[in-house]
Amino acid sequence: MPKPYPEEFRQDVVRVARNRGPGVTVEQVATDFGVHPMTLWKWMRRADIDDGTKPGSTGQESAELREARRRIKLLEQGTRSCGGPRPICPRRICREKDLPAREGAGRGRGARHGCVPGAEARQAALLPLAGPTDD
C-alpha cells in the first residue's frame with residue numbers, strides 16, 4: 001500500500017485547485033502535483049465537508065467514532081473471552097492461603113481448586129438488601 005501524502009501537501013494542492021484560473025481543470029492541477037485526479041477530487045470533497053460547506057461527518061467526528069467502535073470491540077472481546085468478570089480467587093491465591101477444598105463445588109470456574117470466585121463479594125453485597133430475617 002502506498003504511503004499517504006502529508007496533510008500539508010494535501011492542503012496546498014486543494015488550495016491551488018480551488019484558486020485555479022479560468023480554463024485550468026482539476027485534472028491539470030492533479031497531474032502538475034503528481035496526484036491522480038480522483039484523489040484530488042476526494043481531497044476537495046473532504047475539505048468542503050471539514051469546512052462546513054457540504055453536509056457530512058468531519059474528519060474529527062469520524063476519528064472519534066472509529067475510536068469508540070474500537071473500544072466497544074475490545075470490551076466485547078474481553079467479556080466473551082473470559083466468560084464474565086475476572087475471578088476474585090484464582091488457583092494460586094487458594095494455594096497461598098491454604099484454603100480447604102470445598103466438597104461438591106460443582107461445575108464452573110473454581111470447581112477444580114475448591115473456591116467459588118466472587119462468592120464472598122456477592123454475599124457481602126447482598127447482605128444490606130436481605131434485611132432482617134424471622135429465623
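Which helix does V29 lie in? Select V29 in your viewer and you will find V29 in helix α2. Keep in mind as you go that this is a predicted model.

**The whole chain**

Zoom out before going further. The chain has six helices and zero strands, so a cartoon view reads α-α-α-α-α-α from the N terminus on. Of the 135 residues in the chain, 16% are buried. Switch on a surface: the accessible area is about 11,200 Å², and carbon and sulfur atoms hold 55% of it. If you like contact maps, look at pairs with a separation of 6 or more, where residues 24 or more positions apart account for 38% of the contacts.

**Back to V29**

Centre on V29 again. V29 counts as buried because its relative accessibility is 5%, under the 20% cut-off. Now show its surroundings, leaving aside neighbours within four places in sequence: V29 is in contact with V13, V16, A17, R20, V24 and L40. Try a distance label on one of these pairs. V29 and L40 are 11 residues apart along the chain, and 8.7 Å separates their C-alpha atoms.

**The nonpolar core**

Next, select V13, V14, A17, V26, V29, A30, V35, L40, W43, M44 and A47, the 11 residues of the largest nonpolar core. Colour them by helix: α1, α2 and α3 each supply at least two residues of this core, and the largest share, four residues, comes from α3.

V35 is a good member of the core to pause on. Setting aside neighbours within four places in sequence, V35 is in contact with Y5, F9, A30, L40 and W43.

**Along helix α3**

Select residues 37-51, which make up helix α3. This helix has 15 residues and reaches 21 Å from its first C-alpha to its last, close to the 21 Å expected at 1.5 Å a residue. Show side chains for P37, L40, W43, M44, A47, D48 and I49, the buried residues of α3. They pack against α1 (7-18) and α2 (26-33). As you look at the spacing along the helix, recall that an α-helix has 3.6 residues a turn, so residues three or four places apart point the same way. Step just past the helix and you reach G52, which follows α3 and has a positive phi, near 90°.

**A buried aspartate**

Is D48 buried or exposed? Its place is in helix α3, and D48 is buried because its relative accessible area is 18%, under the 20% cut-off. Not counting residues up to four places away in sequence, D48 touches R18, T53 and K54.

**The largest pocket**

For the last stop, which residues line the largest pocket? Select E7, R10, Q11, V14, K42, W43, R46, A47, D50 and D51 to show the lining. The space in this pocket comes to about 210 Å³. Both α1 and α3 supply at least two residues of the lining, with the largest share, six residues, coming from α3. Leave V14, W43 and A47 highlighted as you finish: these residues are in the lining of the pocket and also belong to the largest nonpolar core.

Note on methods
Residues are numbered from 1 along each chain as its sequence is written. This is a predicted model: local features need pLDDT of at least 70, side-chain atom pairs count only at pLDDT 80 or more; totals for chains, interfaces and linings use all residues. Side-chain values use heavy atoms; hydrogens and water are left out. Buried means under 20% relative accessible area, exposed over 50%, partly exposed in between (1.4 Å probe, protein chains only). Contact means heavy atoms within 4.5 Å. Accessible areas come from the Shrake-Rupley method with a 1.4 Å probe; for residues, only the protein chains shown count as cover. The expected span of a helix is 1.5 Å times one less than its number of residues. A nonpolar core is a set of buried Ala, Val, Leu, Ile, Met, Phe, Trp, Tyr and Cys residues joined through side-chain atoms within 4.5 Å. On a 1 Å grid over the protein atoms alone, a cavity is a set of points where a 1.4 Å probe fits but cannot get out, and a pocket is an open set with protein on both sides within 12 Å along at least five of seven lines; lining residues have an atom within 4 Å of a point. Grid points are joined across faces, edges and corners, and a volume is the space filled by probe spheres set on the points.
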